[in-house]
Amino acid sequence: MTNDISADILIIGTGVAGAITGAKLAAKGLSVAFLESGKRIDRFSAVEKFWNAAIKVPESAYPNDPTAEHPLSHRIEDFYQQMGPELFRSTYIKVVGGTTWHWLGTTLRNVPADFKLKSLYGRGVDWPIDYDDLEPFYQEAENEIGVAGDATDDLGSPRSGDYPMPLIPMTYLDKQFAAALDGSPYQVRPTPQGRNSVFRADRPECCGNNSCIPICPIQAKYDATVHVAMAEEAGAKVYDETTATRLNVGANREIESVEFRRADGSTGTASGKVVILAAHAIETPRLLLNSAQESAPNGVANSSGQVGRNLMDHPSRLSWAEAPEPVWPYRGPLSTSGIENMRDGDFRKQRGAFRIEIGNDGHSWPTGAPATTAADLARQGLRGDELDAAIKDATSRQIRLASLVEQTPDADNRVTLDPDKRDANGIPLPRLHYDFDAYTRDGLKAAEKAHDEVFAAMGAKNIKHSPDIQGSGHIIGTVRMGADANSAVVDADLRSFDHRNLFLLGSGTFPTSATANPTLTIAALSLRAVDAIAASVK
């Protein structure tokens with residue numbers, strides 16, 4: 001085993017948190033090295049892989065190599081060792097750029113009350129920072145990612161500046177929802193998005209592909225390879241197909257070295273004055289727990305016993321129906337508008353809040369349409385021009401809603417290590433225990449009622465609700481931040497309470513889930529931590 005990687009800053013993971021932080025630190029003149037389990041992705045090849053995939057799930061454009069194995073949406077229990085009572089359904093991928101390759105692009109901020117859930121509503125816990133602490137970094141994150149939005153639109157999150165680009169226009173479908181709901185309690189608003197509405201930063205404007213998940217074919221949508229490239233231009237080194245397998249704690253309680261295994265089976269160690277673990281909210285606790293040693297018998301950074309606990313998502317209520325007149329879905333990004341005024345209020349004392357995403361993707365998520373629509377009509381005996389006309393009519397009226405519901409932290413919802421099954425790198429597979437409490441379930445019930453009311457306003461028919469609670473692809477909690485080392489893993493700067501040269505980045509640090517898609521908050525928290533990380537090198 002050779003110690004062949006050394007830098008001021010050693011970053012494990014090249015997703016949005018690691019990439020943005022690494023780019024900023026490299027720009028300060030610090031030496032930066034990334035360890036990444038997965039490969040670099042060629043966009044054209046990935047698009048072709050998606051086109052040819054028989055099962056088009058979010059992971060279908062990307063490799064799933066034994067040494068960079070990740071969960072698959074349609075075979076969720078192959079990788080996650082699920083202990084119930086509910087299935088955890090959200091996934092991620094291991095590639096250079098991380099899961100931003102197949103994120104939707106929604107870049108909502110949290111609302112101020114999200115940071116004070118315990119103080120305001122007696123639920124969950126408070127964050128160790130408030131909205132005002134994070135607001136300037138939200139603004140910076142929007143500029144780094146490149147967010148298109150309308151700053152005059154009140155989404156419940158006060159702003160100190162404009163978005164860097166004008167909004168992505170509402171689709172015809174969005175406008176039909178807005179017209180039907182005018183004057184109702186449900187206010188339709190354009191969604192801020194991390195995709196170009198104009199040519200910016202050497203990337204083209206969105207041209208309306210309806211495949212944001214799993215891949216934007218032209219990179220109008222931001223992904224973290226943008227900041228990986230910035231980091232490399234500033235001198236950072238990326239070691240792809242290189243999996244961190246263990247953190248070693250030195251005599252001074254700092255992280256002394258990181259053991260890794262390459263895809264070819266060779267091994268080595270890496271070291272940094274500061275180590276940043278930005279490997280998502282499943283892989284981060286998995287590595288920390290796998291690093292148990294004499295000086296850290298319960299795992300690295302785990303004196304609080306909180307590593308792996310408080311696993312959350314945004315459990316989703318998925319509903320679909322048929323509009324009475326054509327609304328022409330399947331045009332533009334997968335979602336361009338939503339209903340955001342359900343995200344806060346005194347009701348949070350009793351049940352979870354939610355935001356309603358309006359889908360431009362017809363029934364493709366719940367049923368696999370339009371392919372299934374064509375098959376169903378063909379089974380009815382339709383052929384030729386008659387079949388074509390029926391497909392056009394059916395698909396033109398498909399509408400879909402998904403409510404992303406707030407989930408409260410629960411210490412019993414957790415990631416541990418499976419005692420029997422290991423991956424090709426010798427690391428135990430993640431074992432998950434997951435459930436929903438009454439607060440979250442009541443939020444899901446309220447969301448379904450809201451969907452019925454929205455569909456009724458639309459005059460929709462054939463209304464259906466998924467019998468399963470869906471995941472949103474938002475993996476939250478497991479290494480929470482807090483003010484008290486006895487109940488949290490990292491402080492407000494995302495520094496480990498146990499190891500002063502270890503920082504943990506990503507949505508794993510969120511104390512509560514709120515309702516906003518997490519990527520923008522991940523980026524803002526990462527940018528806020530940059531100065532503390534840089535100072536730690538000295």
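These exercises, each with a worked solution, concern a predicted model of one protein.

**Exercise 1. Overall form**

Judge whether the radius of gyration fits a compact globule, then describe the extent and surface of the protein.

Solution.
- Start with the chain length. For 538 residues, a compact globule would have a radius of gyration near 24 Å.
- Compare the model. The protein has 23 Å, so the value agrees with the globule rule.
- Add the extent. The C-alpha trace spans about 75 × 50 × 45 Å along its principal axes.
- Count the secondary structure. There are 13 helices and 16 strands.
- Check the burial. Of the 538 residues, 59% are buried.
- Look at the contacts. Take those between residues at least 6 apart in sequence: 73% of them join residues at least 24 apart.
- Turn to the surface. About 19800 Å² is exposed, and carbon and sulfur atoms supply 48% of that area.
- Finish with charge. The protein carries 55 positive and 70 negative side chains. The centres of these two sets lie 1 Å apart.

**Exercise 2. The nonpolar cores**

Find the residues that touch the most other members of the largest nonpolar core, and name the element that gives the core its largest share.

Solution.
- Recall the background. Nonpolar side chains in soluble globular proteins tend to be buried together.
- Take the largest core. It holds 84 residues, and I9, L247, I276, L288 and L502 touch the most other members.
- Find the main contributor. Helix α13 (residues 519-537) gives twelve residues, the largest share of this core.
- Follow I9 outward, leaving aside neighbours within four places in sequence. I9 is in contact with L25, L30, S31, V32, A33, V274, I276, I533 and V537.
- Look for another core. A second, separate one has 39 residues, including I76, F177, I358 and I399.

**Exercise 3. A covered helix**

Decide whether helix α8 is mostly covered or mostly open, and list its buried residues.

Solution.
- Locate the helix. Helix α8 runs over residues 280-290.
- Count the cover. Ten of its eleven residues are buried, so mark α8 as mostly covered.
- List the buried residues. They are A281, I282, E283, T284, P285, R286, L287, L288, L289 and N290.
- Read the types. The charged residues E283 and R286 are among those buried.
- Link back to the core. L288 is also one of the residues that touch the most other members of the largest nonpolar core.

**Exercise 4. Three buried residues**

Classify T373, H451 and I255 by accessibility, using a cut-off of under 20% for buried, and trace their contacts.

Solution.
- Begin with T373, in helix α10 (residues 371-379). Its relative accessibility is 11%, so T373 is buried. Beyond four places in sequence, T373 touches A394, T395 and Q398.
- Go to H451, in helix α12 (residues 438-458). Its relative accessible area is 0%, so H451 is buried. Beyond four places in sequence, H451 touches R317, S319, I356, L401, A402, S403 and H465.
- Take I255, in strand β7 (residues 255-262). Its relative accessibility is 3%, so I255 is buried. Beyond four places in sequence, I255 touches L247, N248, V249, G272, V275, V300, H499, N501 and L502.
- Set a distance. I255 and A438 are 183 residues apart in sequence and 40 Å apart in space, C-alpha to C-alpha.

**Exercise 5. Backbone exceptions**

Locate the cis peptide bonds at P85 and P370, then the positive phi values at E241 and N310.

Solution.
- Recall the usual case. Most peptide bonds are trans, and most residues other than glycine have a negative phi.
- Check P85. The bond from G84 to P85 is cis, with omega near -5 degrees. P85 sits in strand β3 (residues 81-85).
- Check P370. The bond from A369 to P370 is cis, with omega near 5 degrees. P370 sits in the loop between α9 (364-367) and α10.
- Check E241. Its phi is positive, near 50 degrees. E241 sits in the loop between β5 (237-239) and β6 (242-249). At 29% relative accessibility, E241 is partly exposed.
- Check N310. Its phi is positive, near 65 degrees. N310 sits in the loop between α8 and β9 (316-322). Its relative accessible area is 4%, so N310 is buried.

Methods:
Residues numbered from 1 in each chain as written. Predicted model: local features only at pLDDT ≥ 70, side-chain atom pairs only at ≥ 80, totals over all residues. Heavy atoms only, no water. Helix = DSSP H or I, 4+ residues; strand = E, 2+ residues; numbered from the N terminus. Buried < 20%, exposed > 50% of the residue type's maximum accessible area, 1.4 Å probe, protein only. Contact = heavy atoms within 4.5 Å. Rg over C-alpha atoms; globule rule 2.2 N^0.38 Å. Areas by Shrake-Rupley, 256 points an atom, 1.4 Å probe, with all protein chains shown as cover. Lys, Arg positive; Asp, Glu negative; His and termini not counted. Charge placed at Lys NZ, Arg CZ, Asp CG, Glu CD. Core = buried A, V, L, I, M, F, W, Y, C linked by side-chain atoms within 4.5 Å.
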